[in-house]
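Let's take a friendly walk through a protein model. Have a look at the structure first, and then we'll go through some of its corners together.

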Amino acid sequence: MLQSLNARAMLVSIGFLVLVLGVWEFANPAPDASKPLTEYEILMGGADQEARVPPPSAVIIRAFEELSNPFYDAGPNDKGIGIQLAYSIYRVLTGFMLAALLAIPVGFLIGMSPLMYKALNPFIQVLRPISPLAWMPLALFIIKDSETSSIFVIFICSIWPMLINTAFGVAGVRRDWVNVARTHELSPLRTALTVILPAAAPTVLTGMRISIGIAWLVIVAAEMLVGGTGIGYYVWNEWNNLDLTSVIFSILMIGVVGMLLDLALSAATRLVQYEE
Amino acid sequence: MIKHFLEIENLARRFPGKDGELTVFENANFGIDKGEFVCIIGHSGCGKSTIMNVLAGLDAPTDGNVFMDGSEVAGPSLDRGVVFQNYSLLPWLSAVHNVTFAVRSRWPGWNKEQVREHSYRYLEMVGLGGGAELRKPAQLSGGMRQRVSIARAFAIQPKLLLLDEPFGALDALTRGTIQDELVKICNATHQTVFMITHDVDEAILLADRILLMTNGPHARIAESVKVDLKHPRERGKIIHDPGYYPIRNHLVDFLVRRSEELSGAVTPETPAQAAGAYPVEVNPAATARNETGGATLSAIDAR
Ligand SMILES: Nc1ncnc2c1ncn2[C@@H]1O[C@H](COP(=O)(O)OP(=O)(O)OP(=O)(O)O)[C@@H](O)[C@H]1O
Ligand SMILES: [Mg+2]
């Protein structure tokens, strides 16, 4: 039954894909050369291929070209999609790891101590709703390096979900399990590592999963802003080149990489998940 | 005064509430000797778990003191093993790792092999093995979880074992087998046990002495009933002991009628419960023996 459900779901998915691609391909034909040019087209220097949304066939051809040689490097404005993605992933992972190093211990502290919770909560409430990109000018001014600034922005936006989920998970550890640790005379450190951490791990990892999703959203915008390298810069650069085929292709790649990051963390979550 | 292994003096626990404080129990005085099996019976909500948490050191009393082996109880300790009302196994660890977790904390210097061997010994003692010990608690039945929890408590070889309604959630059959298991272990190890239960028959089967608690709030330990039946006891045979029904009737009468009558705060009119006094000692089995003995004598006289 489940098998057939999966099979049927896949069929429906493929059906939708074919339908959407078909409509996209044929509903937007190339401009007819015999038609007189509109005033706008004359102003823009003629109706060329670029003035329309490219059909999926063109995107697929471009994907083949790009993916067959993803790591070429022909100067600052012409790097392979693999290199650009690698830059973005590197920044996301660096910012994310640094955020985890700070957010998880602080989350522990807040979750374990009602005093620290009350003391730090106002700061968290004010800092959390700030759009991470709003930090960019300040970061650029202080750090004076666009690369590090984008990592900093990722760091800032990754902190909050991890911090809040860790605190929530730690504070919600069942009283009974803490009592088990107490009756076995565990030291505070061993209690934290052998009881609280495994008990809160699924919640902590859910926070990490939300964080990496947000970080991947933010990195594209941050790279558009600071330029240089990365998938965000790539999208913006191709837009400036009016190469919409590449823009659509890179949008798809952003989606695929985001999905892979999410899958990796959901696999990690499953590893620490337990059944009560 | 005779010093017992476990001494409870003027114990009281009050919780601050919206409308004044709530006195769960007060004036609790009793002692438990080494190797003794003591059960406490009372209606739901009278404060049995609250007393046990204080004895375990998980909760501090509002008044009074608990002494074990001459020193004051001031926090949880590996000398007191606890089996919680809801098993409290760590769900991310397999059954055997729940036990090794305890064993390692008890003997930090032991190597892996020692810890493993010791843990398996206690798992076998409660009849758990054959691969079931490798499963997580969620994949075990309620009875198996209870066995793991008992093995965990016994494995640290505590001086005092505290059991909070350990069989409350089990069906009658499983309960019976685990009770037999417990009787066997206690006969073999002479473990000192303090156990909470709702089940009168279970208390008679297991206990040397049964403490009776009045209804809360302001609950008290009103009586200490001696279970004067000889060991070893067997579930099937014990009901044929002439002392069995006198004890059972006494307990049921207390639960049905007197726990309510005796409830409420201590007043000067209830001198039997003067502060610091031990609960009244009763021995229904012996009383019954003497009565029937007396009856036979008078019958002989009449003849
Ligand atoms: N932390 C607390 N704060 C306030 N009141 C409490 C607290 N813990 C327990 N109580 C009250 O103490 C009373 C006794 O609770 P306790 O859990 O000891 O009962 P019990 O005898 O173990 O009942 P049961 O047989 O159902 O387990 C209850 O009325 C409960 O509401
Ligand atoms: Mg209880």
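## Around the ligand

Here, a residue counts as being near a molecule if one of its heavy atoms lies within 4 Å of it. Keep in mind that this is a predicted model. With that rule, the shell around ligand 1 is made up of residues of chain B: B:Phe15, B:Val24, B:Ser44, B:Gly45, B:Cys46, B:Gly47, B:Lys48, B:Ser49, B:Thr50, B:Gln85, B:Glu165 and B:His198. Sorted by character, the shell has 3 nonpolar, 7 polar and 2 charged residues. Which element gives the most to this shell? That's helix 1 of chain B (residues 48-56), which supplies 3 residues.

Now zoom in on some side chains. B:Thr50 has a polar side-chain atom 2.5 Å from an oxygen atom of ligand 1. For B:Gln85, a polar side-chain atom sits 3.1 Å from an oxygen atom of the ligand, and B:Glu165 also places a polar side-chain atom 3.1 Å from a ligand oxygen. As for how much of the ligand is covered, the protein hides 59% of the 640 Å² of accessible area that ligand 1 has on its own.

## Cysteines without partners

A quick bit of chemistry: a disulfide is a covalent bond between the sulfur atoms of two cysteines. How many disulfides are there over all chains? The count comes to 0.

Take B:Cys186 as an example. The closest cysteine sulfur belongs to B:Cys39 and is 10.0 Å away from the sulfur of B:Cys186. A disulfide needs the two sulfur atoms within 2.5 Å, so this pair is too far apart for a bond. B:Cys186 is also buried, with a relative accessible area of 11%. Over in chain A, A:Cys157 counts as buried too, at 5% relative accessibility.

## Inside chain A

Next to look at is A:Ser158, which you'll find in helix 7 (residues 146-171) of chain A. Is A:Ser158 buried or exposed? Its relative accessible area is 0%, so it is buried, because the cut-off is under 20%. Leaving out residues up to four places away in sequence, A:Ser158 touches A:Phe96, A:Ala99, A:Ser211 and A:Ala215.

Helix 10 of chain A (residues 231-240) has 7 of its 10 residues buried, so it is largely enclosed by the rest of the structure. The buried ones are A:Ile231, A:Gly232, A:Tyr233, A:Tyr234, A:Val235, A:Asn237 and A:Glu238. What covers them? The cover includes helix 3 (56-68), helix 4 (81-112), helix 9 (188-226) and helix 11 (244-272) of chain A. After helix 10 comes A:Leu242, with a positive phi near 55°.

## Helix 5 of chain B and some unusual angles

Back in chain B, B:Glu181 is part of helix 5 (residues 172-189). This glutamate counts as buried, at 17% relative accessibility. Apart from residues up to four places away in sequence, B:Glu181 touches B:Met125, B:Val126 and B:Arg147. B:Asp69, on the other hand, is 112 residues from B:Glu181 in sequence and 27 Å from it in space, C-alpha to C-alpha.

Now for the backbone. B:His190 has a positive phi of about 50°, although it is not a glycine. B:His190 is in the loop between helix 5 and strand 8 (192-197) of chain B, and it is exposed, with a relative accessible area of 58%. B:Asn27 isn't a glycine either, yet its phi is positive at about 60°. B:Asn27 lies in strand 2 (residues 21-32) of chain B.

Terms used
Residues are numbered from 1 along each chain as its sequence is written. Chains are lettered from A and ligands numbered from 1 in the order in which they are written. This is a predicted model: local features need pLDDT of at least 70, side-chain atom pairs count only at pLDDT 80 or more; totals for chains, interfaces and linings use all residues. Side-chain values use heavy atoms; hydrogens and water are left out. A polar contact is a pair of N or O atoms within 3.5 Å; within protein, one must be able to donate a hydrogen and the other to accept it, and residues adjacent in sequence count only if both atoms are side-chain atoms. Accessible areas come from the Shrake-Rupley method with a 1.4 Å probe; for residues, only the protein chains shown count as cover. Helices (H or I, at least four residues) and strands (E, at least two) are DSSP runs, numbered from the N terminus. Ala, Val, Leu, Ile, Met, Phe, Trp, Tyr, Cys and Pro count as nonpolar, Asp, Glu, Lys and Arg as charged, and the others, Gly among them, as polar. Buried means under 20% relative accessible area, exposed over 50%, partly exposed in between (1.4 Å probe, protein chains only). Contact means heavy atoms within 4.5 Å.
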